[in-house]
Amino acid sequence: MKLNLDLSAGTNVVTAHGAGFIAINGQRHSTSLIVGPQLLDTAWGKDRFESLTLDDFAALAAHGAVITLVGTGQRQRFPSPQLLRPLIEAQRGFEIMDTAAACRTYNILAAEGRKVIAAMVIESAA
């Protein structure tokens, strides 16, 4: 799906997504990533939902975003409450959704000027 959104220059936007990829500002990525209005971490390296760890969620909480979106791949899956503990203890808002929904929601929140990050699992297209 191709997305169009006009944000100020220098703001990261999801411009497309599909099976096995997400495009940020027109650049296609095929590995999991973390994106925020001024952040793009393409070294996140989580190739599937089951590989998420407590340390991953602690790192997300440390980013300081008011809301953290977690895209869990092609379908919505919920992490165990223990994994979510760092976000809860840091009093960060979070939403768990499939990666396509996280792409759309991220763009809306970023366009509103919210302090948001999205950690998105990109599963291989196979």
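Start by selecting β4 and β8: the two strands pair in the antiparallel sense over three bridges. Keep in mind that what you have loaded is a predicted model. To see one rung of that pairing, pick I34, whose bridge partner in β8 is A119.

Stay on β4 (33-36) and show its side chains. Which residues point which way? L33 and V35 go one way from the strand, I34 and G36 go the other, and all are buried.

Next, add β5 to the selection. This strand, residues 39-41, also pairs with β4 in the antiparallel sense, again over three bridges. The two make a hairpin with two residues between them. Look for G36, which has L39 as its bridge partner in β5.

**The five-stranded sheet**

Now zoom out a little. β4, β5 and β8 belong to an open sheet of five strands with the order β5-β4-β8-β6-β7 and mixed pairing. At the edges sit β5 and β7 (93-97), each pairing on one side only. Ignoring direction, neighbouring strands of this sheet are turned by 15° against each other on average.

For a parallel stretch, select β6 and β7: five bridges join them. Within that pair, T68 stands opposite F94 in β7.

**A119, inside β8**

Go back to β8 and click on A119, which is found in that strand. Is A119 buried or exposed? Its relative accessibility is 0%, so A119 counts as buried. Select everything around A119, leaving out residues up to four places away in sequence, and you get contacts with L33, I34, W44, L60, L69, V70 and G71. Put a distance label on one of these: W44 is 75 residues from A119 in sequence, but the C-alpha atoms are 8.4 Å apart in space.

**Helix α1**

L60 came up in the contact list of A119, and that residue takes you to helix α1. Select residues 54-62 and colour the buried ones: D56, F57, L60 and A61. Why are these four on the same side of α1? Around the axis they cover an arc of only 140°, which puts them on the same side of the helix.

Rotate to the face of α1 turned away from the buried side, and you find the exposed residues D55 and A62. Then flip back and ask what covers the buried residues of α1. The cover includes β4, β6 (67-71), α2 (81-89) and β8 (116-120). Before leaving, check the backbone after the helix: α1 is followed by G64, whose phi is positive, near 80°.

**The three-stranded sheet**

Time for another sheet. Select β1, β2 and β3, which form an open sheet in that order, with antiparallel pairing. β1 (14-18) and β3 (27-29) stand at the edges with a single partner strand each, so one side of each has no neighbour in the sheet. Neighbouring strands here are turned by 20° against each other on average, direction ignored.

Zoom in on β1 and β2. Strand β2 covers residues 21-24, and four bridges join it to β1, with the two running antiparallel. G18 has F21 as its bridge partner in β2. Now bring in helix α3, residues 99-111: α3 packs on this sheet and touches β1 and β2, with its direction making about 170° with that of β1.

Keep F21 on screen and add R28. What lies over the face of F21? R28 does, at 3.7 Å from the ring centre. If you are hunting for pairs of aromatic rings as well, a search of the whole structure finds zero.

**Last stop: S32**

Finish in the loop between β3 and β4, the place of S32. S32 has a relative accessible area of 2%, so this loop residue is buried. Set aside its neighbours within four places in sequence and select what S32 is in contact with: D41, T42, W44, G45, K46, D47, M120, V121 and I122. W44 should be familiar, being among the contacts of A119 too.

For one more distance label, try S32 and A100. They are 68 residues apart in sequence, and their C-alpha atoms are 13 Å apart in space.

Key. Residues numbered from 1 in each chain as written. Predicted model: local features only at pLDDT ≥ 70, side-chain atom pairs only at ≥ 80, totals over all residues. Heavy atoms only, no water. Buried < 20%, exposed > 50% of the residue type's maximum accessible area, 1.4 Å probe, protein only. Arc of directions from axis to C-beta. Contact = heavy atoms within 4.5 Å. Phe/Tyr/Trp six-rings, centres within 6.5 Å; stacked < 30°, edge-to-face > 60°. Lys NZ or Arg CZ within 6 Å of the ring centre and 35° of its normal. Pairing = 2+ DSSP bridges. Axes fitted to C-alpha atoms, helices over the stretch in contact; angles between N-to-C directions.
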